[in-house]
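Student: I am new to this structure and would like to learn how to read its features one at a time. Could you take me through them?

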Amino acid sequence: MKLVIVGAGPSGIGLGILLKKMNFEDFVILEKEEIGASFRKWPKEMKLITPSFTGHGFGMLDLNALTPETSPAFTFGKEHLTGNEYADYLQLLAHHYKLPIKKAYVDKVVKDNNKFLLYTDKQMIEAPFLVWATGEYQTPNLKPFEGAELALHNSIPVIT
């Protein structure tokens, strides 16, 4: 394996699509839950702030699209998608581009000379290149400054 991408959210899926378009096939995307899992955890009433517009006919791209030829607005017929809808969009793209996604939880990563050793709950994977695409809410710093606990993002579970 040449490249391992950890995380099947927008960054991981987007990079996977780019690699496929460049005819690079020697990679895998590891995801501990399901494609777009963090979006599926959003409250039902929460939606993307940035609107999606189907402006392809005018040469305009949809700001929430991962590829220039797709549009979440066109697919779902709305401007502001819910988390579940955006996760569905990511899943549609992963299926369409036949992305090599494997379910695995990465326990540990070790750099050994010129390769990464990824220890997962299923196996150990060696690769010279690693992209960590898990998003900023996977391992948050819950106390970066006094009072920060009063402004937690809704994706961070509150432990009482």
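Student: How many residues lie between S5 and S6 in their hairpin?

Tutor: In this model, which is predicted, S5 and S6 form a hairpin with three residues between them. Strand S6, residues 124-127, runs antiparallel to S5 and is joined to S5 by four bridges, and one pair to look for is Leu117 with its bridge partner Glu126 in S6.

Student: Which strand does S4 pair with, and in which sense?

Tutor: Strands of a sheet pair through backbone hydrogen bonds, and the pairing can be either parallel or antiparallel. Here strand S4 (residues 106-112) pairs with strand S5 (residues 115-120) in the antiparallel sense over six bridges, with Val110 standing opposite Leu117 in S5. These two strands also form a hairpin, with two residues between them, and Asn113 in the turn has a positive phi of about 55°.

Student: In what order do the strands of the open sheet stand, and how are they paired?

Tutor: Four strands make up this open sheet, in the order S3-S2-S1-S7, and their pairing is parallel. Strand S3 (101-103) and strand S7 (129-132) stand at the edges with a single partner strand each, so one side of each has no neighbour in the sheet. On average, and ignoring direction, neighbouring strands of this sheet are turned by 25° against each other. To follow one pairing in detail, take strand S1, residues 3-6, which pairs with S7 in the parallel sense over four bridges, and there you will find Val4 opposite Leu130 in S7.

Student: Which residues have the most contacts inside the largest nonpolar core?

Tutor: That core has 23 residues, and those with the most contacts inside it are Ile5, Ile13, Phe27, Phe39, Tyr86 and Leu99. The elements giving two or more residues to this core are S1, helix H1 (10-21), strand S2 (27-31) and helix H4 (83-96), and the largest share, six residues, comes from H4. If residues up to four places away in sequence are not counted, Ile13 touches Ala8, Ile35, Leu66, Leu90, Leu93, Ala94, Leu99 and Ile101. Apart from this core lies another, of 10 residues, among them Leu30, Ala104, Val106 and Ile125.

Student: Which residues of H4 are buried, and what do they pack against?

Tutor: An α-helix has 3.6 residues a turn, so residues three or four places apart point the same way. In H4 the buried residues are Gly83, Glu85, Tyr86, Ala87, Tyr89, Leu90, Leu93 and Ala94, and the buried residues of this helix pack against H1, helix H2 (37-40), helix H3 (72-76) and S3. You can also check the length of H4, because at 1.5 Å a residue its 14 residues should span 20 Å, and its end C-alpha atoms are indeed 20 Å apart. After H4 comes Lys98, whose phi is positive, near 50°.

Student: Is Thr82 buried or exposed?

Tutor: Burial is judged by relative accessible area, and a residue counts as buried under 20%. Thr82 has a value of 16%, and therefore is buried, although this residue is found in the loop between H3 and H4. Leaving out residues up to four places away in sequence, Thr82 touches Trp42, Lys44, Met46 and Lys47.

Student: How many helices and strands are there in the protein chain, and in what order do they run?

Tutor: The protein chain has four helices and seven strands, and from the N terminus on its elements run β-α-β-α-α-α-β-β-β-β-β. Of the 160 residues in the chain, buried ones make up 36%.

Technical notes
Residues are numbered from 1 along each chain as its sequence is written. This is a predicted model: local features need pLDDT of at least 70, side-chain atom pairs count only at pLDDT 80 or more; totals for chains, interfaces and linings use all residues. Side-chain values use heavy atoms; hydrogens and water are left out. Two strands pair if DSSP finds at least two bridges between them. Axes are lines fitted to C-alpha atoms, for helices over the stretch in contact, and angles run from 0 to 180 degrees between N-to-C directions. A nonpolar core is a set of buried Ala, Val, Leu, Ile, Met, Phe, Trp, Tyr and Cys residues joined through side-chain atoms within 4.5 Å. Buried means under 20% relative accessible area, exposed over 50%, partly exposed in between (1.4 Å probe, protein chains only). Contact means heavy atoms within 4.5 Å. The expected span of a helix is 1.5 Å times one less than its number of residues.
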